[in-house]
Structure formats: structure tokens, C-alpha cells
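This report describes the arrangement of chains, domains, sheets and DNA contacts in one model. The structure is shown first, and the description follows.

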Protein chains: 2
Amino acid sequence: MNSTYIQHINTKVKLTEAEVDLIQKHIVHKKIRKKHYFLQEGDVCKYTAFVEKGLLRSYTLHNNGNEHIVQFAMEGWFIADLYSFLSGEPAVYNIEAIEDSELVLMSKAANDLLLQQCPNYQTFMLQVITNAYIALQKRFNAIPHLTVDERYQNLLQQYPTLPKRVPQRMIAAYLGITPETLSRVRKRLQQPK
Amino acid sequence: MNSTYIQHINTKVKLTEAEVDLIQKHIVHKKIRKKHYFLQEGDVCKYTAFVEKGLLRSYTLHNNGNEHIVQFAMEGWFIADLYSFLSGEPAVYNIEAIEDSELVLMSKAANDLLLQQCPNYQTFMLQVITNAYIALQKRFNAIPHLTVDERYQNLLQQYPTLPKRVPQRMIAAYLGITPETLSRVRKRLQQPK
DNA sequence: CGATTTTTTGAATCATATCAACGTACGTGG
DNA sequence: CCACGTACGTTGATATGATTCAAAAAATCG
């Protein structure tokens with residue numbers, strides 16, 4: 001029985017058995033407990049993480065101490081500080097498990113080797129990054145012209161389970177608003193008109 | 001003499017002569033006049049454009065008629081509606097030349113063929129998309145915690161020539177503020193203290 | 001169960017948007 | 001090449017929406 005990770009790759013490209021073996025050899029499974037950190041700001045991001053189970057978030061801290069949440073990663077998603085991973089520079093993101101989670105880790109060396117030796121893996125990675133880019137661009141476009149209410153509703157539509165899994169203040173930090181404002185948004189939406 | 005485009009690829013990966021020939025065979029050079037459109041919302045984005053000379057912008061229109069500028073692309077940059085290009089769905093972006101420009105176009109078919117037959121091209125594209133993703137993420141992170149003044153200053157620092165090449169209202173549309181606000185920002189920054 | 005964190009609610013404040021008017025620059029046709 | 005018209009930038013007054021600060025209510029954790 002292959003890991004979810006291999007299955008996931010196989011939905012995008014058709015791996016040969018040899019390729020599956022090669023990838024298997026270069027991945028590491030890791031469990032991480034709720035509230036524990038996969039990555040802390042200032043450290044180098046040595047691995048990309050594929051989420052097999054659980055939920056994590058990446059965020060940055062500002063002067064005032066506020067958090068801005070960059071991404072929630074649930075089952076089937078990747079999370080990492082990509083710039084740090086690729087460049088070896090210190091990470092600017094913190095990545096924390098919101099729930100007990102199971103990850104598949106890939107080191108830079110393993111990633112480089114697979115990109116070179118496994119054409120299907122390179123094709124897969126190109127797809128992953130392209131999709132991530134398009135998703136980020138969509139999120140970006142929504143900001144200037146949607147009201148806060150609409151942005152919250154969009155988020156709910158895209159990730160209906162999110163409010164059950166993460167505290168409200170984190171959703172506020174993701175939307176870039178204060179928890180007080182989000183509370184008022186929810187109140188408004190409950191009693192429309 | 002190779003085109004700027006080939007030179008650009010060669011700074012990232014080392015192409016063989018055969019690869020150069022193959023790429024040359026699949027690209028099209030195109031000039032586009034100021035104020036003309038490379039792509040209009042609703043049309044399918046049939047080409048990616050590499051800017052050899054000039055300056056373009058991609059933007060979306062909102063209900064109220066306001067524009068939100070997604071990207072300025074100058075010499076050495078790519079511009080396209082990537083989602084439309086890859087999926088064949090109608091584009092959500094308009095792409096307009098701000099100056100008379102010279103582009104290198106690549107069709108989807110040519111892109112697919114090169115990804116398959118030219119490993120260095122795939123490596124190159126992975127780098128391009130990865131860099132675009134990281135750049136977008138950086139821009140995204142700046143929004144919630146920087147003031148409008150800081151965001152304008154950052155933009156100037158990154159692209160000092162931009163104000164000389166694009167009207168102020170477009171810079172406002174890029175920053176997601178009104179032209180009036182940008183005018184006041186500039187006034188504030190001129191008379192510090 | 002008590003302690004701590006999270007969410008809600010209210011009031012005051014601040015930044016940007018909006019509306020409107022004016023001056024300036026620009027390009028376009030005569 | 002000039003003059004006119006249109007678009008662009010600036011400035012002011014007002015409105016709007018989110019933030020901030022404060023405190024109470026609710027939920028969560030050990």
C-alpha cells in the first residue's frame with residue numbers, strides 16, 4: 001500500500017514502478033503534534049512538507065506582534081517556506097501544526113535528485129507550483145474589490161470545514177482583519193437585512 | 001545573434017545548440033503598439049509573452065469600473081493569463097501595452113512540445129514559475145502590515161523607473177488605492193516630518 | 001472546577017474612499 | 001504649429017468602514 005503522497009502524485013502523472021521506488025527511497029514520514037513547529041522564522045527550511053493528515057498554518061509576525069497567516073495546509077496540500085528551501089536563506093515564515101498531523105518530508109537534496117532523475121517528478125512539481133501560483137493570484141485579486149463580508153463568504157465556500165478546525169482569530173489573521181471585525185462580519189451575515 | 005529571449009533562458013540553464021534551434025523554431029516575434037491589447041478579458045489566452053522591449057500591464061475590471069492592476073511587465077519579464085493559457089478557459093485579465101513593445105510569443109502547443117522534448121526548457125519554466133510565485137507571495141505579505149506610504153516607497157525602491165514610465169493613476173491601481181490617496185501619499189513623503 | 005483564552009459588544013479614533021472643484025499636461029485635428 | 005478638448009493630478013470637505021481600547025460573556029483546557 002503506497003502512501004497518500006505517492007497516490008497524490010499518481011493522480012497528476014503516471015509513475016513507473018521504478019519511479020515510485022525512487023521517490024519512496026527519498027521521502028521521510030513524520031508526525032507532528034498540535035502546537036508544535038515544523039519551521040521557525042530564522043531557521044532554514046530544510047524540507048517541504050506534504051500533509052497526509054491534519055492541518056498546519058504558515059504565518060509571519062509583525063512589529064506590533066500581530067500575525068498574518070499566509071496559508072492553511074490540510075490533507076493533500078504542500079507547505080514550506082519555498083524561498084528559504086530553494087535559496088538556503090533563513091525562513092521568514094513560521095509553520096505550526098494546528099492539529100496533530102502526519103507529514104511527508106522531502107529534503108532539498110532529494111528534491112534536486114528527483115527533479116534530475118525522474119522526469120515525471122519534475123512535471124508533477126511544475127504542476128504543483130503552477131497551481132499554487134494561480135491560487136495565490138486568485139486570492140490576491142479578491143482583496144481590492146471585494147468587501148470583507150464577501151471575502152469571508154468566499155473563504156467559507158472554498159473551505160467549508162475551516163471554521164470547525166481553526167479558531168476564529170486565525171481566520172481573521174488570514175483575511176487580514178482584526179478578530180473584532182470578523183466577529184462583526186459574522187453577526188452581519190447571520191441577520192441579513 | 002540570438003534574441004534576448006534565448007539569452008535570457010541561457011542565463012538560467014545552459015542550452016545546447018540543438019535546443020536553441022528547437023526553441024527558435026517555436027517562438028514568434030511580435031510588435032505591439034501602445035494602448036493596444038495583447039489579451040482581452042473573455043478571450044482565451046493563446047500565448048505567453050516574454051517582453052524584449054517595452055512595458056505592459058495586466059488588470060481586471062470591477063463592477064464599479066475600477067481597475068486593479070495585477071502586474072507590470074517590463075524587459076525580461078513574462079506576462080499572460082496563466083490560468084487561461086493552461087486551461088483554455090476565457091481569460092479574466094486584460095493585458096495592454098503601456099509603451100510600444102516587442103514580445104516573444106509561445107503558444108500552448110509549442111510550450112507543451114518544448115516541455116516534453118527539451119529538459120532544459122522544463123527546468124527553466126520551473127524556475128520562472130517558482131520565482132513568480134515567490135515574488136507574488138512577498139507582495140502579498142507586504143499588504144497587511146505595511147502602511148500605504150511604505151508600500152509606495154517599496155515599489156519605488158524595487159522599480160525606480162516605474163513613475164517615469166506609467167501614469168500615477170496606474171500606480172494607484174497597482175497599490176489598490178485611489179489616485180487621490182496616492183497624490184496625498186506623495187505629498188506626505190515630499191515634506192517629511 | 002477554576003484559570004486562561006477566545007469571542008462578543010460598545011465607544012472613540014483613524015485612514016481611506018468618495019464627491020466635487022480646480023489647475024495642468026497632453027495629443028489631436030484643423 | 002497652435003488651440004481646443006479631454007484626461008490627469010491636486011486639494012478640500014465629508015462619509016464610511018476598520019482599528020483600537022476596554023470590558024464582559026462564552027468557550028476551552030488542564
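## Chain–chain interface

All of the interface residues of chain A, 100%, are also interface residues in chain B, so the two copies meet through the same surface. The model is a predicted one. Superposition of chain A on chain B requires a turn of 180° and a shift of 0.0 Å along the axis, and it gives an RMSD of 0.0 Å. This is the relation of a two-fold axis.

The contact between the chains involves 24 residues from chain A and 24 residues from chain B. On the side of chain A that touches chain B, the elements giving two or more residues are E5, helix H3 (82-87) and helix H5 (119-145) of chain A. The greatest contribution to that side comes from H5(A), with 15 residues. In terms of residue class, the side of chain A that touches chain B contains 14 nonpolar and 10 polar residues, and no charged residues.

## Domains of chain A

Two domains are assigned in chain A: domain 1 covers 4-142 and domain 2 covers 146-193. Their C-alpha centres are 26 Å apart. Domain 1 of chain A places 10 residues in the contact, and domain 2 of chain A places 10 residues in it.

On the side of domain 1 of chain A that touches domain 2 of chain A, strand E4 (55-61) and strand E5 (67-74) of chain A each supply at least two residues. E5(A) gives the most to this side, with 4 residues. The same side of domain 1 of chain A has 6 nonpolar, 1 polar and 3 charged residues. Strand E5 of chain A is thus named in two settings: it supplies residues to the side of domain 1 that touches domain 2, and it gives two or more residues to the side of chain A that touches chain B.

## The four-stranded sheets

In chain A, an open sheet of 4 strands follows the order E1-E8-E3-E6, with antiparallel pairing. Strand E1 (27-32) and strand E6 (78-79) of chain A are at the edges with a single partner strand each, so one side of each has no neighbour in the sheet. Strand E3 (residues 47-53) of chain A is joined to E6(A) by 2 bridges, and these strands run antiparallel. Within E6(A), A:Ile79 is the residue opposite A:Ala49. Helix H4 (residues 108-117) of chain A lies across E3 and strand E8 (101-107) of chain A, at about 65° to E8(A).

Chain B likewise has an open sheet of 4 strands, in the order E1-E8-E3-E6 with antiparallel pairing. Its edge strands are E1 (27-32) and E6 (78-79) of chain B, each of which pairs on one side only. Strands E3 (residues 47-53) and E8 (residues 101-107) of chain B pair in the antiparallel sense over 6 bridges. In E8(B), B:Ser107 is the bridge partner of B:Tyr47, and B:Leu105 is the bridge partner of B:Ala49. Helix H4 (residues 108-117) of chain B packs on the sheet, where it touches E3 and E8 of chain B, and its direction makes about 65° with that of E8(B).

E8(B) also pairs with E1(B) in the antiparallel sense, over 6 bridges. For B:His29, the bridge partner in E8(B) is B:Val104.

## Surfaces near the DNA strands

DNA strand C has 15 residues around it, and those that come nearest are A:Gln168, A:Arg169, A:Ser183, B:Val148 and B:Thr181. Helix H8 (168-175) and H9 of chain A, together with H9 of chain B, give two or more residues to this surface.

DNA strand D is surrounded by 15 residues, the closest being A:Val148, A:Thr181, B:Gln168, B:Arg169 and B:Ser183. Here, helix H9 (179-190) of chain A and helices H8 (168-175) and H9 (179-190) of chain B each supply at least two residues.

The table gives the leading element and the residue classes for each surface.

| Surface | Largest share | Residue classes |
|---|---|---|
| near DNA strand C | H9(A), 6 residues | 4 nonpolar, 5 polar and 6 charged residues |
| near DNA strand D | H9(B), 6 residues | 4 nonpolar, 5 polar and 6 charged residues |

Notes: Residues numbered from 1 in each chain as written. Chains lettered and ligands numbered in written order. Predicted model: local features only at pLDDT ≥ 70, side-chain atom pairs only at ≥ 80, totals over all residues. Near = placed C-beta within 6 Å. Nonpolar A, V, L, I, M, F, W, Y, C, P; charged D, E, K, R; others polar. Domains from an automatic or database assignment. Contact = placed C-beta atoms within 7 Å. Pairing = 2+ DSSP bridges. Axes fitted to C-alpha atoms, helices over the stretch in contact; angles between N-to-C directions. Least-squares fit on C-alpha atoms with pLDDT ≥ 70 in both.
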